[in-house]
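Visitor: I am new to this structure and would be grateful for a close look at a single part of it. Please show me the model before we begin.

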Amino acid sequence: MSFKCGIVGLPNVGKSTLFNALTSTAAAEAANYPFCTIEPNIGRVAIPDARMQVLANIAGSAKLIPSQIEFVDIAGLVKGASKGGGLGNQFLGHIREVDVIVYVLRCFDNGDIVHVEGSIEPLRDADIIETELIYADLESLEKRIPNLEKKARQDKEAATQLELIRRILPLLGQGKAARFAEVSEDERKQFAMLQLLTAKPVMYVCNMSETEVVAGNEYSRKVEAMVKEKHASSIRISARIEEEIANLPDENDKKEFLAAAGLSETGLSSIIRLCYSLLKQITFFTVGPKECHAWNVHEGATAPEAAGAIHTDFQRGFISAETIAYQDYVACKGEQGAKETGKMRVEGKNYTVKDGDVFHFRFNV
């Protein structure tokens, strides 16, 4: 199962350059004018996990199949997008389809690259993006109220949704995102059904120059202070450095380039790590002679839900899951060794998946 990460920002902040680098393609035209990205560009990227090669070496797997993340490069937002400004609501529709939103903020000076607002101010840019998404959510919720008021007298779910909407509208009216709303566990399902743009998890990416990405600058420091106040997450990335790394064919060359730039990991790795954290994702494996396959599920998933990530039939007919922790699989040199030392467990429907679990599912359909 892959998840979608939407890359948004004002025109000319480096979104498409970042997308190209992250997906190692030139699918998105990175041009110095607004709206060069008319349709969302989509690229799937394998999620690196060093554990896969270790497992594959032990099991003699013929190939590795990692989990994937899908990046969506969405055309630049401008003031008034929620009212049709720029390329308007089509962008907001594309954002509605992603799981995580990446706000790309320009934190570099370059007189040759125009800024649609006339100056470099990342906090203003972040506010423009958030405001347009809030306006879109306000409009969406206000349109639902008359219909829900009619249904609420006889429909409990409609009544719950109406109460949620009436609680969220004042929050949006204050310029605050829906993700800051207090929602109980019992209301989570109804809250998700509202499909609010500002309910999605957000990360902030400061797009920096090559010389400032490590230490940061006055722009990135403003973003980091804002993010701390919002209890959010941010990272510093140089889209140009990512672009150069993407063009290096050899992994050792990439590591040397990163080290020379003073970086410990690529921007791609940083974004994936944050995505996993924001979406509360963990990884489990299926391992055999044919392939070593990584799968991702949400934290707290049960064994049948993990089986369902592979195929719905596996979940429907779930019987049990032969389970080996990653560390035990490695220490016991594979499945047979784990069996002999009692490290293989047979888990049932109530088992909660742990990150790194190696599964063999038994099912009957």
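Visitor: In strand E4, which residue is the bridge partner of Cys 5?

Guide: The model in view is a predicted one. The bridge partner of Cys 5 in E4 is Phe 71. This pair belongs to the pairing of strand E1 with strand E4, so the two strands deserve a closer description. E1 covers residues 3-8, and E4 covers residues 68-73. Five bridges join these strands, which run parallel. E1 is also paired with strand E5, residues 100-106, through four bridges, and here too the strands run parallel. Within that second pairing, Val 8 has Tyr 103 of E5 as its bridge partner. As for the surroundings of E1, five of its six residues are buried, so the strand is largely enclosed by the rest of the structure.

A pair of helices may be set beside this picture. Helix H4, residues 122-151, packs against helix H5, residues 156-173, at an angle of about 150 degrees, and their axes lie 9 Å apart. Because an angle over 145 degrees counts as roughly antiparallel, H4 is roughly antiparallel to H5. The crossing of H4 with H5 is left-handed. Residues of H4 that meet H5 include Ile 134, Leu 138, Leu 141 and Ile 145; on the H5 side, Leu 162, Ile 165 and Leu 169 are among the residues met. Sorted by class, the contact of H4 with H5 comprises 11 nonpolar, two polar and six charged residues.

Technical notes: Residues are numbered from 1 along each chain as its sequence is written. This is a predicted model: local features need pLDDT of at least 70, side-chain atom pairs count only at pLDDT 80 or more; totals for chains, interfaces and linings use all residues. Side-chain values use heavy atoms; hydrogens and water are left out. Buried means under 20% relative accessible area, exposed over 50%, partly exposed in between (1.4 Å probe, protein chains only). Two strands pair if DSSP finds at least two bridges between them. Axes are lines fitted to C-alpha atoms, for helices over the stretch in contact, and angles run from 0 to 180 degrees between N-to-C directions. Angles under 35 degrees count as roughly parallel, over 145 as roughly antiparallel, 65 to 115 as roughly perpendicular and the rest as oblique. A crossing is left-handed if the near helix is turned anticlockwise from the far one by less than a right angle, and right-handed if clockwise. Contact means heavy atoms within 4.5 Å. Ala, Val, Leu, Ile, Met, Phe, Trp, Tyr, Cys and Pro count as nonpolar, Asp, Glu, Lys and Arg as charged, and the others, Gly among them, as polar.
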